Amino acid sequence: LISKASISDEQLEALRLFAGYAGLAIENARLNDTLQKELDLQTQAEHREVRRREMLEKVVQLGKQVTEVTDLKTTLTRVWQGVHSELDFDRLAIFLYDQESHSIKGTLGTSDQGEIVEEWDYSRTLDPEKPTSFTRALEQPDGLYFTPNFAVEFNIPAGHEMRDVKDFAAVTAWGGDKPVAIITVDNDPSKRPFTKEQLEALRLFAGYVGLAIENARLNTALENDLTRRKALIEELETKNAELERFTYTVSHDLKSPLVTITGFLGYLEQDALAGNTARIKNNMNRISGAARKMQALLNDLLELSRIGRLMNTPEDVPFEEVVHEAVDRVHGRLDEIQATVEIQRDLPVVSGDRIRLVEVVQNLIDNAAKYSNPALRSRIEIGTTTDAQNAIVFYVRDNGIGIAPKYHENIFGLFNKLNATSEGTGIGLTLVKRIIEVHGGRIWVESEAGKGATFYFTLPIR
């Protein structure tokens, strides 16, 4: 066309022959391209298989790590670390699922800085009429729900932290035949797409997670049950030991006035026959005193037995009112020794049996007055302080004769009196200790002989 020259026979023959070479070359090139593509596909498949195996090995190792833990919190923490660090998802959250109420109760999530955030009070009831990623995951046969455009599918509004999320997955963790948790993941910070290997690993790992959570819950329930049983056994042993001491003490202390009565009844008979009226009157006084002592012992024992069984309705009462009522009850004894009572202001409000709490303070004030130091003007202080844990502790302090440290435990025992000649049955501090313990508190004393005594005790604060 350009040169207007005619095509020679030699040119046509050469063209025909060269076309044979061209056909072979083109076919070879096509075959080579096909082969290269097949090799590339095979290489990619091999790489995927390697990645898949590596991911599956990670899943197995992670499964071992989460199933060897016994408590739920540590289990969930390891699950979070595994999904975040080993399966390589930017963000995740583990939602504990309650099948009975069809709701989420507690979650372990991820902060904007990629750190663990615990929200055990988180609660959300799932509405069957309103689809969510949770319900989608629960509906899937294999438990895994995935979407490549989360924000669009769920119509996430502008300004929401999930607004720009594209790849998103939620997987159900089954504990036996029931769903116990839902794990959600996304890569919003890095915008990386999910790989098939990641999703497969997540689905498989969820199986371990469900078993681990269920095992942790069962283990916790078992430990709680064992702890309760141990506490009950210890309480029973304590009660039995207390019952033994009680039986021994009662038999010993009640026997004493009975021996007195029996003995002096014999003397009374002899004196009556002899007509000795003065001796008769003296013997009758002895018998009467022993009977009164026995009556007092029996009354105190009856009172002790009622504490814990017969309690008044708990109420919130300002402790200052309790103190003033107790002081009024022992006003006569306090006036007798001209004691000064100092009551701290702004005492807290306590919760409990008002009548029993008044008995506690009354007994402690009465003891402070009973064992005052004759050489000093008696002073009794009532107030609060705080312990090492910054909890409120009540106290009744005096400047009396004090108590040697070796007797600090004994004084709370039944009928234990440091001074056998002092008035009373020796059951007052036992009553006080029992009332405090029934209220869930404890009581102790700090004192030295000749340096006064301070009784500390704790009570439930409103």
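Which side chain meets that of Glu-359 in a salt bridge? The partner is Arg-356, and the N to O distance is 3.2 Å. This report describes a predicted model, beginning with the overall form of the chain and then turning to its charged pairs, one covered helix and one strand residue.

**Overall form**

The protein chain contains 10 helices and 13 strands. Its radius of gyration is 43 Å, whereas a compact globule of 462 residues would have a value near 23 Å. Along the principal axes, the C-alpha atoms occupy a box of roughly 175 × 45 × 45 Å. Of the 462 residues, 38% are buried. Among contacts with a separation of 6 or more, 63% involve residues 24 or more positions apart. The exposed surface of the protein chain amounts to about 27900 Å², and carbon and sulfur atoms supply 52% of that area.

**Charges and salt bridges**

The chain carries 54 positive and 70 negative charges, and the mean positions of these two sets lie 6 Å apart. Side chains of opposite charge can pair when their charged atoms come close. Across the whole structure, 23 salt bridges are found. The table sets out three of them, including the pair named at the opening.

| Salt bridge | N to O distance |
|---|---|
| Glu-153 and Arg-136 | 2.7 Å |
| Arg-229 and Asp-225 | 3.3 Å |
| Glu-359 and Arg-356 | 3.2 Å |

The bridge between Glu-153 and Arg-136 links distant parts of the chain: Glu-153 belongs to helix H4 (residues 150-153) and Arg-136 to helix H3 (residues 133-139), with their positions 17 residues apart in sequence. Glu-153 has a relative accessible area of 38% and is therefore partly exposed. Arg-136, at 24%, is likewise classed as partly exposed.

The other two tabulated pairs each lie inside a single helix. Arg-229 and Asp-225 are both in helix H5 (residues 196-274), four residues apart, which is about one turn of the helix. Arg-229 is exposed, because its relative accessible area of 52% is over the 50% cut-off. Asp-225 counts as partly exposed at 25% relative accessibility.

Glu-359 and Arg-356 are both in helix H9 (residues 354-370), three residues apart, again about one turn of the helix. Both residues of this pair are buried. A further group, consisting of Glu-321, Glu-325, Arg-329 and Arg-354, is joined into one network by salt bridges that share partners.

**Helix H10**

Helix H10 (residues 428-438) is mostly covered, with eight of its 11 residues buried. Among these buried residues are Leu-429, Leu-431, Val-432, Ile-435 and Ile-436, together with the charged residue Arg-434. Gly-428 and Thr-430 are also buried. After H10 comes Gly-440, which has a positive phi, near 85°.

**Val-341 in strand S8**

Which residues does Val-341 touch, leaving aside those up to four places away in sequence? They are Val-327, Leu-334, Ile-380 and Ile-382. Val-341 itself is located in strand S8 (residues 340-343). With 25% relative accessibility, Val-341 counts as partly exposed. Its C-alpha atom is separated by 93 Å from that of Thr-43, a residue 298 positions away along the chain.

Note on methods
Residues are numbered from 1 along each chain as its sequence is written. This is a predicted model: local features need pLDDT of at least 70, side-chain atom pairs count only at pLDDT 80 or more; totals for chains, interfaces and linings use all residues. Side-chain values use heavy atoms; hydrogens and water are left out. Helices (H or I, at least four residues) and strands (E, at least two) are DSSP runs, numbered from the N terminus. The radius of gyration is taken over C-alpha atoms; the globule rule is 2.2 Å times the number of residues to the power 0.38. Buried means under 20% relative accessible area, exposed over 50%, partly exposed in between (1.4 Å probe, protein chains only). Contact means heavy atoms within 4.5 Å. Accessible areas come from the Shrake-Rupley method with a 1.4 Å probe; for residues, only the protein chains shown count as cover. The place of a charge is taken as NZ of Lys, CZ of Arg, CG of Asp or CD of Glu. A salt bridge is a side-chain nitrogen of Lys or Arg within 4 Å of a carboxyl oxygen of Asp or Glu.
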